[in-house]
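Trainee: Got a minute to walk through this one with me?
Mentor: Sure, put it up.

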Amino acid sequence: MNNKAIVKAVSALFFCSIVYIAGCKKQDYKLSTTDDVNITGYLQKNADSFSLFKQILDRTENSAFLDAYGSYTLFAPTNSGVTIWLASVGAANVEAANLNTLKELVKFHLLADTVTTGAFKDGRLPVPTMQGQYIITGVLFKSNVSSYSVNRQALVTKSNVKVGNGIIHEIDHMLVPASLTIAKQLEGNPNYSIFVQAMKETGYYDLLNTVDPDTTKRWMTVIAESNQALADSGYGSYAALKAKYSKTGNPLNVNDSLHMYMAYHILPGIKFLGDIITSASHLTLQPQEVISTQLINQEVIVNEDLFNDILEKGVLLKRDISDNSSTNGVWHNAVAHFMVKYRKPAAVFWDLSAFTEIMKLPAYYKKQGYTFVRQNEQDRPIKDIDWEYKGASNSFLYEYSTTGTLTNFAYNYDIISISLGGPNRSAWMEFTTPVVIKGRYKVWVCYRNRAGSVRVNVVVNGELLQRPINFAEGRPGGTDAELESIGWKRYTENTTGPFTARLAGTVDIKTTERHKLRFEVPNGGGTTNSNHVDMIHFIPVDDNQLLPRFRQDGTKIYL
Amino acid sequence: MKKLFFIIVTIGLLVGFLSCTKWIELKPQDGIVREEFWKTKEQVEAAVTGIYASMLGGTLPDYLFVWGEARADMVTPGFRATQDELDMVNLNMLATNSFTNWRPFYQTINYCNTVIELAPPVLQNDNTFSQAQLDRATGEALTIRALLYFYLVRSFGDVPLKLNATVSDQDIIPLPKSGRDSILNQIVADLKKAEPSLPLSYGNVNFDKGRVTRYTVNALLADVYLWMEKYNETVTECNKIINSGNFGLISGPNFFNEVFYEGNSNESIFELQFDVQKLNPYYFMHTPGNRRWGAANYLTEDVYGIDAVNTIPIVDWRGDKTSYRGTDFTIWKYVGADNNGTTLRSLEQSFAHWIFYRYADVLLMKAEAINQLDQPLEASRIVKTIRQRASALDFTAMDSTSKPGMTTFILEERQREFAFEGKRWYDVLRNAKRNNYAGLQILLNVASVSIPSDRQQAAFNKLRDKNSHYFPIYFYEIQTNKLLEQNPFYK
């Protein structure tokens with residue numbers, strides 16, 4: 001082949017390739033990744049509803065920031081909502097309004113997270129606004145339509161609009177942050193004049209009137225008693241209240257009962273009713289005193305407690321006039337007067353095998369044994385008892401028998417059997433105790449000893465007690481007094497069997513509520529047998545530690 | 001040389017064009033097209049079977065459970081429950097919740113429509129295909145379509161009413177919603193049309209319970225009439241089943257085994273028949289290790305009752321160890337293998353049937369209807385037969401003299417009888433919406449049991465708006481069908 005032929009061949013191929021290339025169509029590539037608008041873009045697109053709020057964003061120089069990448073939630077007020085607000089502050093238009101107020105307002109309408117209506121509960125949103133205060137949400141039923149309400153100021157007209165950099169909820173009114181402190185709000189309400197005067201005289205007014213720049217210290221919650229509530233308890237005036245409580249004559253004194261009364265009505269932290277009911281008790285500013293809270297028939301009740309089988313009626317927090325936001329917290333309304341209760345420490349004889357889950361099984365409770373299996377890490381078969389998950393086979397047994405030697409002398413003929421220690425068994429087990437009144441207690445662990453059981457540390461509220469309990473160890477011989485001196489006692493009627501109680505130590509219970517008690521196996525410490533626990537006694541240090549004793553039929557004996 | 005140039009150009013172009021234009025075979029090589037199908041009666045039969053098969057697959061059986069139970073008070077979400085399920089429990093429905101995707105329902109509806117539209121021409125092609133056989137095939141399709149529309153109308157309120165088949169891309173047209181009343185009327189008309197053409201029996205117990213019979217139509221019609229508050233018609237339909245004498249109640253000790261474990265019992269009217277080849281999805285919903293749903297833990301005490309009086313305690317056969325296992329609150333009906341609460345079905349044995357209707361349902365529907373017709377005493381007698389079979393514990397008094405008292409009691413009895421059978425929410429809603437929502441409080445009571453305490457007030461106020469009782473339309477449907485309008489509560 002000569003050169004010419006090569007040229008021809010090449011040109012032929014070139015010709016062909018031209019034809020192919022010409023035959024191909026050019027692809028129309030899209031250069032942007034999405035057509036979604038951002039928050040500012042959405043407001044622009046819907047100018048007939050949001051032109052005024054857009055103007056506010058422009059004037060406060062937030063438009064560009066809300067058009068950039070991020071994840072925000074905006075409560076966007078419609079034009080009519082903005083107009084109403086402008087009228088309320090006496091401004092003719094957006095330009096006429098105070099710039100600093102507008103800046104605060106814009107921040108109050110923004111959250112630095114995406115929050116859909118799915119997260120709206122009876123109470124505050126999980127994240128604060130950029131302004132710093134929390135927004136509360138709820139659902140309002142009005143003229144046959146339910147809508148989400150925001151801060152009790154606006155209703156959501158269109159929810160969960162997804163835009164490029166977050167979520168928009170359209171609302172019909174502007175949201176206005178609280179401008180007064182808790183103290184000022186209460187002072188401005190004549191229904192609380194007695195309470196406010198007590199607040200002033202005890203020195204708490206100043207505390208409740210400051211907005212701490214440090215947000216970790218800023219928030220407080222006050223449970224206020226109206227004049228009516230106080231009058232119902234016989235305190236028609238501040239003088240009457242002072243006469244009753246102020247025994248030292250100086251309410252500023254922390255040991256004065258009026259001071260304590262006020263401190264007992266203030267909780268640290270911001271707690272809306274939705275937060276209050278998620279926890280059974282809350283610390284107050286009165287050292288070591290808690291209020292207990294629970295939901296009864298959908299109402300929030302404070303301090304309704306069962307002590308020594310006597311039910312003490314609680315006090316209702318009225319929903320519709322509670323949850324009042326202020327610049328430094330929230331305050332609620334209590335319909336009746338309540339005060340710290342000083343209780344004498346009382347013994348708690350706690351039967352570990354009487355927990356709700358087993359008592360709900362009539363075929364098993366006090367009839368036959370039952371195994372509680374924790375299927376996986378997330379599973380919690382028993383609400384008040386938790387243990388380290390080491391596999392579903394590592395279980396928790398309820399044992400009952402009137403004849404078997406594991407239970408024949410146990411209180412109610414039942415015990416719990418737990419396996420602890422070693423590489424394959426739980427290293428710890430944690431119990432929630434019944435309510436224990438604050439005070440100093442000796443803690444006795446009552447068990448049935450068995451060779452091969454493990455030695456555990458007893459930890460109450462994170463505090464390690466003085467003596468470890470060896471579940472394999474039996475009670476030595478000696479008189480009751482001799483035994484008590486070395487930390488043993490007989491808690492059953494039976495005198496010879498392997499059932500015994502061991503003193504784990506003395507503990508200071510600081511608050512009157514339910515506490516955590518934990519068995520921990522110190523590093524490894526394998527065991528071959530289960531551990532059989534019957535009861536735990538919390539007995540005030542000054543009380544008789546030996547009596548009562550407990551019989552199999554569930555009765556107590558005092559000899 | 002010229003020749004070489006010519007050859008290369010020709011070959012080059014040929015190769016080039018061949019590579020671009022592929023020879024198009026219009027008929028699929030691995031399937032059958034419509035023009036070749038719909039020729040014989042066997043093919044019609046296959047298409048009808050396909051309708052039933054489509055209900056077993058996909059997410060439909062999952063939905064039947066979740067739609068009927070999640071928003072009510074019988075279940076609690078387990079550790080594997082999805083966020084969408086938790087939102088549903090908390091009545092926080094959004095249009096993005098995947099459980100509002102009605103696709104599996106409309107898919108089966110389309111299979112029904114296809115049979116209704118394309119089966120009649122087969123008469124011309126197959127001489128052995130009789131008019132009676134055709135009527136039966138369309139009757140089955142009409143009934144299933146009515147059943148699914150009944151689910152949709154109870155769950156969404158207004159939905160698009162698609163009555164013709166979508167067989168090609170040209171048939172895909174946007175369709176607006178139809179009013180719930182017109183859909184209910186269509187359901188009634190379809191069922192009335194199907195009723196005479198369906199057999200009372202196929203001569204085989206598996207077919208009688210797994211395919212729709214005339215009794216299925218009667219039971220479904222009774223349910224539809226009850227929803228429409230047409231009580232005389234409900235009684236008529238129930239009586240057709242009761243008077244046939246073909247059904248009975250299984251006695252207590254055999255109740256779990258015959259009705260739920262084996263399935264196709266004498267009590268059953270229509271069920272979805274899962275089997276070894278087609279397992280149900282319930283293993284991965286209810287077994288303790290995979291729990292998406294568990295039983296609510298107040299059932300033992302407050303729903304079935306605990307007998308503390310008798311030395312040998314009276315135990316309701318329908319409660320612990322039948323509907324659920326009281327020790328760990330596993331929903332037992334679908335995953336249990338015995339009625340002493342010890343053995344679970346293994347995964348390959350997980351084919352408990354889904355029961356749409358059974359005889360007890362018919363009896364209680366009749367009781368509900370005649371009670372509304374001011375015959376509480378008659379109603380109480382029917383309720384008593386149900387209770388006697390179950391050896392129910394009398395821990396709440398039945399007041400057979402008062403109509404409102406019996407209304408409440410029948411609802412409670414249905415709760416005990418049909419626990420976890422996907423009926424609770426619809427039962428509660430039906431009783432709540434009766435007489436222009438005179439019973440709204442029932443819904444609030446249910447919510448007070450099932451909703452977490454920090455969300456209750458919001459839930460109550462949502463429930464007061466009756467539009468919130470129906471699902472939103474799934475966002476994807478709104479995007480693709482411009483004629484659809486989102487349901488009022490969710491705008």
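Mentor: We'll take the chain contact, then some strands. Keep in mind that this is a predicted model.

Trainee: How many residues does each chain bring to the contact?
Mentor: Chain A gives 42 residues and chain B gives 36 residues.

Trainee: Which elements of chain B give two or more residues to the side that touches chain A?
Mentor: Three helices of chain B: H1 (2-20), H14 (299-304) and H20 (456-463).

Trainee: And which one has the largest share of that side?
Mentor: H1(B), with eight residues.

Trainee: What's the make-up of that side by class?
Mentor: On the side of chain B that touches chain A, 14 residues are polar, 13 are nonpolar and nine are charged.

Trainee: Switching to strands. In chain A, do E10 and E11 run parallel or antiparallel?
Mentor: Antiparallel. Strand E10 (residues 281-283) and strand E11 (residues 290-296) of chain A are joined by three bridges. A:Ser281 has A:Ser292 in E11(A) as its bridge partner.

Trainee: What sits between those two strands, E10(A) and E11(A)?
Mentor: Six residues, in a hairpin. Look at A:Gln288 there: its phi is positive, near 65°.

Trainee: Which way does E11(A) pair with E12(A), parallel or antiparallel?
Mentor: Antiparallel, over four bridges, with strand E12 of chain A covering residues 299-302. A:Ile296 has A:Glu299 in E12(A) as its bridge partner.

Trainee: How many residues are between E11(A) and E12(A) in their hairpin?
Mentor: Two. A:Asn297 is in the turn, with a positive phi of about 50°.

Definitions and conventions:
Residues are numbered from 1 along each chain as its sequence is written. Chains are lettered from A and ligands numbered from 1 in the order in which they are written. This is a predicted model: local features need pLDDT of at least 70, side-chain atom pairs count only at pLDDT 80 or more; totals for chains, interfaces and linings use all residues. Two residues are in contact if their C-beta atoms, placed from the backbone, lie within 7 Å. Ala, Val, Leu, Ile, Met, Phe, Trp, Tyr, Cys and Pro count as nonpolar, Asp, Glu, Lys and Arg as charged, and the others, Gly among them, as polar. Two strands pair if DSSP finds at least two bridges between them.
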